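Trainee: I should be grateful for a close look at one ligand site in this model. Please then relate the site to the rest of the assembly, ending with the contact between the chains.

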Amino acid sequence: MKKKIGVYVCHCGGNISDYVDVEKVRAEIEKDESVFLSKTTMFACADSNQKDMVTDIAEKQLDGAVVASCSPTLHLLTFSAVAERAGLNKYNYIHANIREQASWAHSDDKVGATEKAIQIVKAAVAKVKRSNALEPFRVAATNAVAVVGAGIAGLRSAIQLAESGAQVYLIEREFFVGGRVAQWDDLFVSKETGKELITRLYDKAMNHKNITLFTGAEIIENSGSVGNISLKVKIAPRHMKLDCNEGNLGKAIEVCPVVVPDKFNFNITTRKAIYHNFPGEYPQLPVIDIENCTRCGECEKVCENVDFSQKDEFLNIKVGSVLLATGFDPYEPKNDEFGYKTIDNVVTLPQFKRLVHYCDDKLVYKGKEVKNVAYIYCVGSRQVDGDNKYCSRYCCTATIHAAITAKKKYKDLYNFHFNRGIRTYGKQEVLYDESSRLGDIYLQSFEDHPPVVSKEGDKTIVTINDILTADKTLEVEADLVVLVTGMVPRQDNSIGSLLKIPRGRDNFFNEIHMKLRPVETVIDGVTIAGASQGPKNIMESMNSSLAAATKSFSLIASGELSLSPTIAKIDVDNCGWCGKCDDACPFSALTKTDVNGKLVAAVNESVCKGCGMCMPVCPSNAIELIGYTDNQIESMIDALVSTD
Amino acid sequence: MARINPKFTTELQSYGAFDTNACYNCGNCTAVCSLSDEDNSFPRKMVRYSVLGLENEIQTSLEPWLCYYCGDCSATCPREAEPGELMMSLRRYLTSKYDWTGLSGMLYKSLSTSVIAFVLLAVGVIWFASSLNFEPELLLHYGHYFEMSAIGSVFLLILLPNLIRMWNMVIRKPKVNVSFSAYLKSYSELIVHMFTQKRTLGCDDSQTRWFQHLILVIGYLSLLFTTVFLDWFATDSSFILVLGYLESAVIFSVTFIFMIGRLSKKTQVSKNSHPSDWFFVIWLFLMGLSAFVVRLFIDLDILETNIWMYLIHLTVLVQWAIIIVPFGKWTHFLYRSFAMYFEKLKSLSIS
Ligand SMILES: Cc1cc2nc3c(=O)[nH]c(=O)nc-3n(C[C@H](O)[C@H](O)[C@H](O)COP(=O)(O)OP(=O)(O)OC[C@H]3O[C@@H](n4cnc5c(N)ncnc54)[C@H](O)[C@@H]3O)c2cc1C
Ligand code: SF4
Ligand code: SF4
Ligand code: SF4
Ligand code: SF4
């Protein structure tokens, strides 16, 4: 119990003293013999008073301090810092709020307000008498980061982390790196193609000694906490030996009898069960798609590098932080949404991009030459009825860019943009300008009146009530309808569920604070980057990649993490492991352990947030919250209700 | 339901339109236009129709004729889509659609066709003169005869059928229901606008332009009257003599000012000159000047020895009467006035 407590009662200009008799409060508190010093002050937070407090605490060797003033959200940190400057541990400072809770709340009853203020300060004094100096927990942090997903965001983060000095495990589920960007050739605004960007990053990453890339790899287990996270990675085999002989490989692909739709080209082309993504892909090593392979053995006969004996490998790695860059999926339109899958010349934007890539001097789809292309915007985004209320951001620009590319590549091609307001924000606006000057036609509708795609004989007609032409009904005969599909979260959220990453209303991974903490998640040590967090173009993906890499690195940079000491503590003698606390903990901070042959609960110090959810459910009262012990809280309640 | 035709803008460009496609429908042009109102909102609507290639909508529109090309819209357009010039091009386009002979369109679209037509007529005049052995008396006689018959036949064979076609496009085809009395009641609208072009006054800051136009119209019509009906070249009345001098002087001085304006491109209107605009002013200027000089030669008694002067005048006159009046910019004057008339009919229509 402390004997030398200092109490400061603030006037707050008059905000407090107009209703609360601060002098009386001070006099009442002074009666407590543990209170060594008590003062009133016009503005407790003023520089001069802060200096006086530092002098008082240091010179008079005070062992606890209380300021009775405004809300702790405003000035708790101010006065904790004052205590620390005076050499007093900040957990020996207690804040009493007599403005919001007394003077402002009871401005109609000065006597009552004063009485209430006295009780509040007494409660604070009661707590400070029983408070202890606390030090933050320090845990060792592994200087390694797992980057999940080797799309453009993952690659860029990995390079940044490696250059900062961290070990990086780059874990890619597919057999080739680059994610979506590898699938685009021409990109908007920059002159480089997607493949060129990926090549650049891949070369840089592979030349860095700190980066280890796993392809065909997935995290399947996770334990530990920030600083020390253990991951189990499953690595699927390519069924090919390294150092392939290109000639024989070509033959192997030729003889493979299995033909399946090529996902890389969004199913507008086919590939064999043994395949490359595209010439010059990374890593430059083909794969056998074992799910579709019939094990006929034809390839083995012509290529000595085929190896069916390869098995899944499992690898345990230890990292200090995990950076998620798992990207997005393009929205898959519903059956018959704008004629998708029911009208033969309706494709999605990703398919259109691949089509333009493959058609040289004529744009041909299903054997017919395409002259009129109708683009229908916001498919799967800004939905009126569906869940995807958000704008996918990239698609207006990507569509206009694709339209310009097609217009320049093929003679006499006409583009018709059925949009809901064009959002080529920022520097991308130049594309909108270019496209309209090239003669592209823009038609606009409101969300409740979308365009209609229909079949008239063998013709496909797109109709719209164009709000730019006084709602006139206009139609275009389209040879190809392109649905401008938005971005949706990856259909497979296994990694999100495994790491317990919360998702936002849009179902993408959610950050802690949209503005102030945009790349951290509530799971300590896990950061998010790129389109896994929400629709982003490459530039925006890069911004978040670099931010997430920096944030992940800052956790492990010093080799040590300092964590808040106000967490749960188990009384081993009383605990009998009923598991109720484990059920109540939202962060899975509690585990069963064996202490001298007895099963008890143990708190993982780096996971516990000190929320206190576990305390009330414990039937044997075996849990204390450091900094808010039963003893402290009960003494405060006693002080609040005491009448003397 | 209307089908979009993106190829139309290319056709419009041959009538002088610029970067119409650059328009992003902000509507600034309509907001700034002092002649646009709730019933007839333009030029954005016309820009939109043009971009979409809605020819039917354009052909039934009167808006292009309601614009007097002050150029405010073009000056305000943030995309430099030149909506004012588009309105001008639409007037040329409509003129060629109204014209049953199709010559209008050919002359507008191709400068070389126009030049060939001018040259052919000049050759024709000289050939005709040579067949008369360049006999001054005969030439003046046939010249006067030509003037009279040209007025009648151009009106009856070209302008009247074209006006009927215009009426058909804007009133009959879109099924505007006009009562017979409305036709009579609105007649004054036609006459007033034809002679005063008073709508130009609605444009901000164009009092001078309106005044110049007014003087030109009055000068032109009265010179026409003076030469054709008062037989200026053969008159004995000193009143008519002086009147003719005055009128022709007015014509060539005002057109001279216009030409300088077009050359210096100071105002929006004169920024983009189509060949047809040049033909119009130059020939009007030449008409005034050559008529003036011919009469002067007569008064100085030197025409007989300098019959080439009269030949020049006759050539200009024939080209004017056979090309510019029926197929060129002169018709705008007519269609504009009728547009005001039809517009009035539309507003009185029983819907
Ligand atoms: C049609 C279209 C055109 C576009 N054009 C442009 C353009 O011109 N310019 C531009 O700036 N942007 C463009 N974009 C946007 C661009 O594609 C994205 O910004 C970019 O792909 C985001 O990169 P990412 O790395 O976050 O995600 P992705 O590219 O999706 O990469 C994610 C990677 O993570 C891997 N992965 C997923 N889950 C796991 C897992 N559980 N374990 C391991 N790995 C996993 C994936 O296999 C993939 O390799 C376009 C988008 C579309 C749809
Ligand atoms: S970027 Fe454009 S197309 Fe994409 S959702 Fe937003 S508004 Fe729609
Ligand atoms: S205090 Fe909260 S976070 Fe910590 S163990 Fe208890 S319930 Fe879990
Ligand atoms: S030129 Fe003048 S009158 Fe014609 S549309 Fe433009 S602003 Fe209106
Ligand atoms: S001001 Fe220009 S861009 Fe705006 S609507 Fe008129 S023509 Fe189009």
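**The site of ligand 1 and its setting**

Mentor: In this predicted model, a backbone N or O atom of Asn537(A) lies 3.4 Å from an oxygen atom of ligand 1. The next residue to consider is Ile538(A), where a polar backbone atom is 2.8 Å from an oxygen atom of ligand 1. A backbone contribution also comes from Ala153(A), with an N or O atom placed 3.0 Å from an oxygen atom of the ligand. The shell around ligand 1 holds 32 residues, and those that come nearest are Glu172(A), Arg180(A), Phe188(A), Lys536(A) and Ile538(A). Ile538(A) therefore deserves attention on two counts: it belongs to this nearest group, and its backbone provides a polar atom 2.8 Å from a ligand oxygen.

The second ligand may be set beside the first. Around ligand 2 stand Tyr377(A), Cys378(A), Ser381(A), Arg382(A), Cys391(A), Ser392(A), Arg393(A), Cys395(A), Cys396(A) and Arg423(A). Strand 21 (372–379) and helix 11 (395–409) of chain A are the elements that give two or more residues to this shell. By class, the shell divides into 5 nonpolar, 2 polar and 3 charged residues.

Two further features of chain A complete its description. Strand 32 (residues 590–595) pairs with strand 33 (residues 598–603) in the antiparallel sense over 6 bridges. Within this pairing, Asp594(A) has Leu599(A) as its bridge partner. The two strands form a hairpin with 2 residues between them, and Asn596(A) in the turn has a positive phi of about 50°. Elsewhere, Lys129(A) and Asp32(A) meet through their side chains in a salt bridge, at 3.0 Å from N to O. This pair joins distant parts of the chain, 97 residues apart: Lys129(A) lies in helix 5 (residues 110–129), and Asp32(A) in the loop between helix 1 (22–30) and strand 2 (35–41). Over all chains, 41 salt bridges are found.

The contact between the chains remains to be described. Here 19 residues of chain B are in contact with 21 residues of chain A. The area buried between the two chains is about 1,900 Å², and carbon and sulfur atoms give 55% of that area. Across this interface there are 6 salt bridges, including one between Asp466(A) and Arg48(B), where the closest N and O atoms are 2.7 Å apart. The interface also has 14 residue pairs in polar contact. On the side of chain B that touches chain A, two elements give two or more residues, namely strand 1 (2–3) and helix 3 (44–52). The largest share, 5 residues, comes from helix 3 of chain B. The residues on this side of chain B comprise 10 nonpolar, 2 polar and 7 charged.

Strand 1 of chain B also takes part in a sheet that spans both chains. Four strands form this open sheet in the order 24(A)-25(A)-26(A)-1(B), with mixed pairing. Strand 24 (452–456) of chain A and strand 1 of chain B stand at the edges, each with a single partner strand, so one side of each is left without a neighbour in the sheet. At the junction between the chains, strand 26 (residues 472–478) of chain A pairs with strand 1 of chain B in the parallel sense over 2 bridges. In this pairing, the bridge partner of Leu474(A) is Ala2(B).

Terms used:
Residues are numbered from 1 along each chain as its sequence is written. Chains are lettered from A and ligands numbered from 1 in the order in which they are written. This is a predicted model: local features need pLDDT of at least 70, side-chain atom pairs count only at pLDDT 80 or more; totals for chains, interfaces and linings use all residues. Side-chain values use heavy atoms; hydrogens and water are left out. Contact means heavy atoms within 4.5 Å. Buried area is the accessible area (1.4 Å probe) that two parts lose on being put together, summed over both. A salt bridge is a side-chain nitrogen of Lys or Arg within 4 Å of a carboxyl oxygen of Asp or Glu. A polar contact is a pair of N or O atoms within 3.5 Å; within protein, one must be able to donate a hydrogen and the other to accept it, and residues adjacent in sequence count only if both atoms are side-chain atoms. Ala, Val, Leu, Ile, Met, Phe, Trp, Tyr, Cys and Pro count as nonpolar, Asp, Glu, Lys and Arg as charged, and the others, Gly among them, as polar. Two strands pair if DSSP finds at least two bridges between them. A residue is near a molecule or strand if one of its heavy atoms lies within 4 Å of it.
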